[in-house]
Amino acid sequence: MTDAPFEPFAYAHARFGEIAWMCQNTNHLVPREVVEPAMLEAIRERRYTMYPQGKGDPELLDLVRKDFGLAPADPVILTAGGTEALYMLERALFRPGDEMISSDPGYPIIHRFAELAGANVRALPIYAPPYRLDLEKVKEAIGPKTRILVLIDPLNPLGSGYSREEVRSFADLAHDHRIYLLNDVTYRDFPERHTLAREFAPEQTITVWSVSKNCGLAGMRLGGLMASPDLASTIGRFHTNDLGVDVVAQWAARSALRTKATWLPAVRRQTRENAVRIREVVATVEGASLPVFPSQANMFPIDLAGTGIRPEAIQEEMLLRDGVFVRSGGYVSPLFGHRFIRVSFSNPPSDIERFARSFPAAVARLRAPTARAA
Ligand SMILES: Cc1ncc(COP(=O)(O)O)c(C=O)c1O
């Protein structure tokens with residue numbers, strides 16, 4: 001009999017109160033007063049006994065429109081996390097044999113959904129400066145079968161983002177080639193400035209958003225998409241949640257969006273300070289480096305190639321010894337995942353200090369296994 005493989009998520013969830021959760025780009029900094037009273041209100045009113053409005057709570061839909069600068073009649077589709085929006089749009093827009101241009105590193109479920117719909121993924125390698133898609137390389141990759149270009153901004157797992165001019169160039173490219181632009185803006189609230197591609201290519205762009213990361217609501221599973229009315233109705237045919245998404249999640253999101261201006265600046269500030277602290281720590285570890293700094297998001301990779309240590313080994317070491325959960329790169333990068341771990345840092349400073357103690361010590365132990373055995 002062989003031992004069952006170690007499952008880091010099962011291990012961490014079983015001890016979740018003790019874990020510094022730096023593995024999923026989640027946000028632990030939004031004050032609980034922002035969302036918990038709203039969730040409790042939905043529960044007290046026993047909203048869970050009936051279906052919510054199928055298209056979503058009207059005030060929530062208006063708040064989302066306001067947040068994205070949309071007009072009152074612009075379509076907004078609510079889904080169970082951005083993930084469901086990604087599934088719907090790829091299912092709706094791909095025909096077998098189509099191509100999608102994306103990146104490696106990138107966000108893997110987007111690729112998996114394309115494959116499920118019979119499309120082929122061209123993941124352009126971007127683990128080298130400038131650590132984001134290059135317009136000329138994307139142009140070269142476009143062919144007669146290209147149907148969707150994926151523009152995640154800021155990018156998971158790299159933390160790099162696009163300037164307004166770059167967003168405009170990609171939007172123009174999509175427009176000129178009559179291809180769709182999947183603008184995944186899950187992390188758009190972390191940088192000081194962000195540009196939505198729909199501004200330049202409203203007919204071509206599908207904007208996928210989420211309250212998982214900006215509002216600290218990953219467990220509530222709420223997100224959505226927006227697109228031109230025609231495109232939204234094509235995609236909307238594939239909505240499996242026609243009875244509406246989780247009502248407690250909607251109440252939480254409504255409260256978070258109503259008050260975003262009051263708490264987001266502090267979340268950003270702490271996230272940025274944490275990144276600086278992590279940089280200090282990484283600088284003390286020979287062979288480790290930060291390819292992307294500053295991050296435009298709440299995560300970045302730490303390159304370990306110069307340490308000779310496997311990312312999976314350090315993930316396990318830090319989790320088991322210190323309860324600090326970082327993520328090995330293989331999850332987000334078939335090509336480069338053997339080189340890096342991804343750490344996210346919208347966390348209280350106490351988590352970052354646990355990381356600061358754990359990471360250098362784990363590297364030292366793994367670098368010298370014989371010394372440990374002695
Ligand atoms: C780029 C990107 N898109 C979409 C998602 C999906 O998020 P959710 O389904 O929680 O909204 C994630 C989650 O990590 C992500 O990183």
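Where in the chain is the place of Pro 130? Pro 130 sits in the loop between β4 (120-125) and α6 (135-141), and a cis peptide bond ties it to Pro 129. Keep in mind that this is a predicted model. The protein has 13 helices and 12 strands, and a ligand is there too, with 13 residues around it. Below is a quick tour, starting with the overall dimensions and ending back at that loop.

**Overall dimensions**

- With 374 residues, a compact globule would have a radius of gyration near 21 Å, and the protein agrees, because its own value is 21 Å.
- Take the C-alpha trace along its principal axes and you get spans of about 70 × 55 × 50 Å.

**Around the ligand**

- Of the 13 residues that surround the ligand, the closest are Gly 81, Gly 82, Thr 83, Ser 210 and Ser 212.
- Helix α4 (residues 81-93) is the top contributor to this shell, giving 3 residues, the most of any element.
- By class, the shell comes out as 9 polar, 3 nonpolar and 1 charged.

**α4 against α5**

- The ligand-lining helix α4 also packs on helix α5 (residues 108-116): their axes come within 9 Å and cross at roughly 30°.
- That angle is under 35 degrees, so α4 counts as roughly parallel to α5.
- The crossing of α4 past α5 is right-handed.
- On the α4 side, the contact uses Thr 83, Leu 86, Tyr 87 and Glu 90, while α5 brings Ile 109, Ile 110, Phe 113 and Ala 114.
- Sorted by class, this contact has 6 nonpolar residues, 1 polar and 1 charged.
- Thr 83 turns up in both places: it is among the closest residues to the ligand and it is part of the α4 contact with α5.

**α11 against α12**

- Helix α11 (residues 311-322) and helix α12 (residues 349-367) have axes 10 Å apart and pack at an angle of about 125°.
- That value makes α11 oblique to α12.
- Here too the crossing is right-handed.
- From α11 come Ala 313, Ile 314, Glu 317, Met 318, Arg 321 and Asp 322, which meet Arg 354, Ser 358, Phe 359, Ala 362, Val 363, Arg 365 and Leu 366 of α12.
- The class split for this contact is 7 nonpolar, 5 charged and 1 polar.

**α3 against α9**

- Helix α3 (residues 58-67) packs on helix α9 (residues 247-258) with the axes 9 Å apart, at an angle of about 40°.
- At that angle, α3 is oblique to α9.
- The crossing of α3 and α9 is left-handed.
- Glu 59, Leu 60, Leu 63, Val 64 and Asp 67 represent α3 in the contact, and Gln 250, Ala 253, Arg 254, Leu 257 and Arg 258 represent α9.
- This contact splits into 5 nonpolar, 4 charged and 1 polar.

**Backbone oddities**

- Why look twice at these spots? Because most residues other than glycine have a negative phi, and most peptide bonds are trans.
- Back in the loop between β4 and α6 that holds Pro 130, the cis bond from Pro 129 to Pro 130 has an omega of about 5°.
- Tyr 131 is in the loop between β4 and α6 as well, and its phi is near 55°, a positive value in a residue other than glycine.
- Another cis peptide bond joins Asn 156 and Pro 157, with omega about 15°.
- Pro 157 belongs to the loop between β5 (146-152) and α7 (164-177).

Definitions and conventions:
Residues are numbered from 1 along each chain as its sequence is written. This is a predicted model: local features need pLDDT of at least 70, side-chain atom pairs count only at pLDDT 80 or more; totals for chains, interfaces and linings use all residues. A residue is near a molecule or strand if its C-beta atom, placed from the backbone, lies within 6 Å of it. Helices (H or I, at least four residues) and strands (E, at least two) are DSSP runs, numbered from the N terminus. Ala, Val, Leu, Ile, Met, Phe, Trp, Tyr, Cys and Pro count as nonpolar, Asp, Glu, Lys and Arg as charged, and the others, Gly among them, as polar. Axes are lines fitted to C-alpha atoms, for helices over the stretch in contact, and angles run from 0 to 180 degrees between N-to-C directions. Angles under 35 degrees count as roughly parallel, over 145 as roughly antiparallel, 65 to 115 as roughly perpendicular and the rest as oblique. A crossing is left-handed if the near helix is turned anticlockwise from the far one by less than a right angle, and right-handed if clockwise. Two residues are in contact if their C-beta atoms, placed from the backbone, lie within 7 Å. The radius of gyration is taken over C-alpha atoms; the globule rule is 2.2 Å times the number of residues to the power 0.38.
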